[in-house]
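Biologist: I'd like to go through this one with you and ask how each label was earned. Could you set the values against the cut-offs as we go?

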Amino acid sequence: MTNATITLNLTVPELKQEIPAFRAIITRNLEAKHVELTEEMTALLTKSYKSLRKPELELMYAQLIQLRDYINEAIAKQAERELIPMFDNDVQAQKWSKENGVNVPAENIRMRFSEGNKKLKDSKVVSFYQWNITSVITCPWRTEMCEKACYALKAEKMYPTVAKRRDLNLEFSKSIGFVPAMIEQIQFELDRKKNKGKTIFFRIHESGDFFDYGYLLAWHTITRAFTGNKNIVFMAYTKSLPLVKKLYKDFGRKNVNIKFMASEWADTKEKFKSMRLDLGLPVFTAVDKGTMKEKNYFACPSSEAFKGTAKEKDCGVCGMCYKGSIDTAIEIH
C-alpha cells in the first residue's frame, strides 16, 4: 500500500472505531467475491492497532480506505467480465467484440496460442505460432534432468499470467470443443493478410507435451484437416514416444501430419533411445555450455554459443527443425 493521507480530522477514539468497521466491510466483500491481495494488503486486515499513536492510526485508516476502493473496483471489474460470454478462441471473441464494442478479457477465452518469440522471428516467407499447455505435469515421460532445467517452468514461475493461460489451454484441450476451435483459429491465421504467401511453422508445445493418447489423437485430427496444405508445417518436440508409436501403428506414418522430434537428455533411458531409433525420429537435445562440438549433433544456430557471431541465426532463417531431419542440439539455457 502507498503512504496514503486523509483530510478528515478524526480523534484517536474515532479512528479506533472506524478501523475495525472498515475491516469488517472489507472482510464481507472478500467473502462474497474472490479478490487477490498482496501480503501487505492481507497484513493490513490483521495488524494490531490498539497501541498505535494518532499519526499511525491515520495512516492505517487511509490505507484501509484505499484497500476498500481497490477491492470494490476489482469486484466491479469481475461483475463486468461475468456479463461477457466465454469464447472458445480468439476468432469468436473478436467477432463478438466487434459486434458489441466491448473488449473480451483474456480469461474469457478458453484457448489461445501465441505468435513467435525472440528466436521464432517472422520473416517475409515464414510466420511462427506456438501452442502451450502447463509444463512438467503434462510430460508423462519427463526425466529428472529435463524437469530440473525446464525453461517453460521458469517462465510460469516468473509470470503468473503465463501460468494461468497455459492452465486454461490445458483445461480446454480436454474438452469436446478443442478440435473445432483449434481448426477454426488455425484457418483464420492462414487466411490473414500478414501470412499471405508465407509458410506457417506451427510448434505444438513450447511448453508441455502429449499427456495421453486421446490428446495426441486430437492433434492428429487437427493437423489432418490441413493435410496437403503447403502453407503450414506442424512440428513437436516430444518425449511421449510410446504414444507416437501407437499413432503410427493405428494410422500409418504417412498419414500423420506432424513432424516429431524426439526430445532426449543425458538421463533418457535406453529403451526410449531405442524406440526413437525404431521410429526413425531425429533428436532434439540440450547439452551443457561449450560441449556441442564434442557431440555428433547439428548445432542450433540460436544457441548462446553463437550469440553475436556470424553463425547466429534465428529459427526463421534456419528452419532446420521444421524442414530437416537431422539430430540437433542447443545449449542448456
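Modeller: Let's start with Lys269, whose place is in the loop between E4 and helix H11 (270–279). Helices (H or I, at least four residues) and strands (E, at least two) are DSSP runs, numbered from the N terminus. This is a predicted model, where local features need pLDDT of at least 70 and side-chain atom pairs count only at pLDDT 80 or more, while totals for chains, interfaces and linings use all residues. Residues are numbered from 1 along each chain as its sequence is written, and side-chain values use heavy atoms, with hydrogens and water left out.

Biologist: What makes Lys269 count as buried or exposed?

Modeller: Buried means under 20% relative accessible area, exposed over 50%, and partly exposed in between (1.4 Å probe, protein chains only). Lys269 has 55% relative accessibility, so it counts as exposed. In space, its C-alpha is 8.7 Å from that of Thr143, with the two positions 126 residues apart in sequence numbering.

Biologist: And what makes Ser263 buried or exposed?

Modeller: Ser263, in strand E4, has 17% relative accessibility, so it counts as buried. Leaving aside neighbours within four places in sequence, Ser263 is in contact (heavy atoms within 4.5 Å) with Thr238, Lys239, Thr268 and Phe284.

Biologist: How do you know which strand E4 pairs with through Glu264?

Modeller: Two strands pair if DSSP finds at least two bridges between them. E4 (residues 259–264) and E5 (residues 283–287) have 3 bridges, in the parallel sense, so they meet the pairing rule. Glu264 stands opposite Thr285 in E5.

Biologist: What is the strand order, and why are E1 and E6 at the edges?

Modeller: The open sheet has 7 strands in the order E1-E2-E3-E4-E5-E7-E6, with parallel pairing. E1 (126–132) and E6 (298–299) each have a single partner strand, so one side of each is left without a neighbour in the sheet. Helix H8 (residues 178–191) packs on the sheet, touching E1, strand E2 (199–207) and strand E3 (232–238), and its direction makes about 140° with that of E2. Axes here are lines fitted to C-alpha atoms, for helices over the stretch in contact, and angles run from 0 to 180 degrees between N-to-C directions. Helix H10 (residues 241–251) lies across E3 and E4, at about 155° to E4.

Biologist: How do you know H8 has the span expected of a helix?

Modeller: The expected span is 1.5 Å times one less than the number of residues. H8 has 14 residues and reaches 20 Å from its first C-alpha to its last, close to the expected 20 Å. Its buried residues include Phe178, Met182 and Leu190, and among the elements covering the buried residues of H8 are helix H4 (90–100), E1 and E2.

Biologist: How many disulfides are there, and how do you know about Cys139?

Modeller: A search of the whole structure finds 0. The nearest cysteine sulfur to that of Cys139 belongs to Cys146, 6.7 Å away; a disulfide needs a pair of cysteine sulfur atoms within 2.5 Å, so this pair doesn't qualify. Cys139 has 14% relative accessibility, so it counts as buried, and Cys146 counts as buried at 10%.

Biologist: What is notable about the phi of His205?

Modeller: Most residues other than glycine have a negative phi. His205, in strand E2, has a positive phi near 85°. At 2% relative accessibility, His205 counts as buried.
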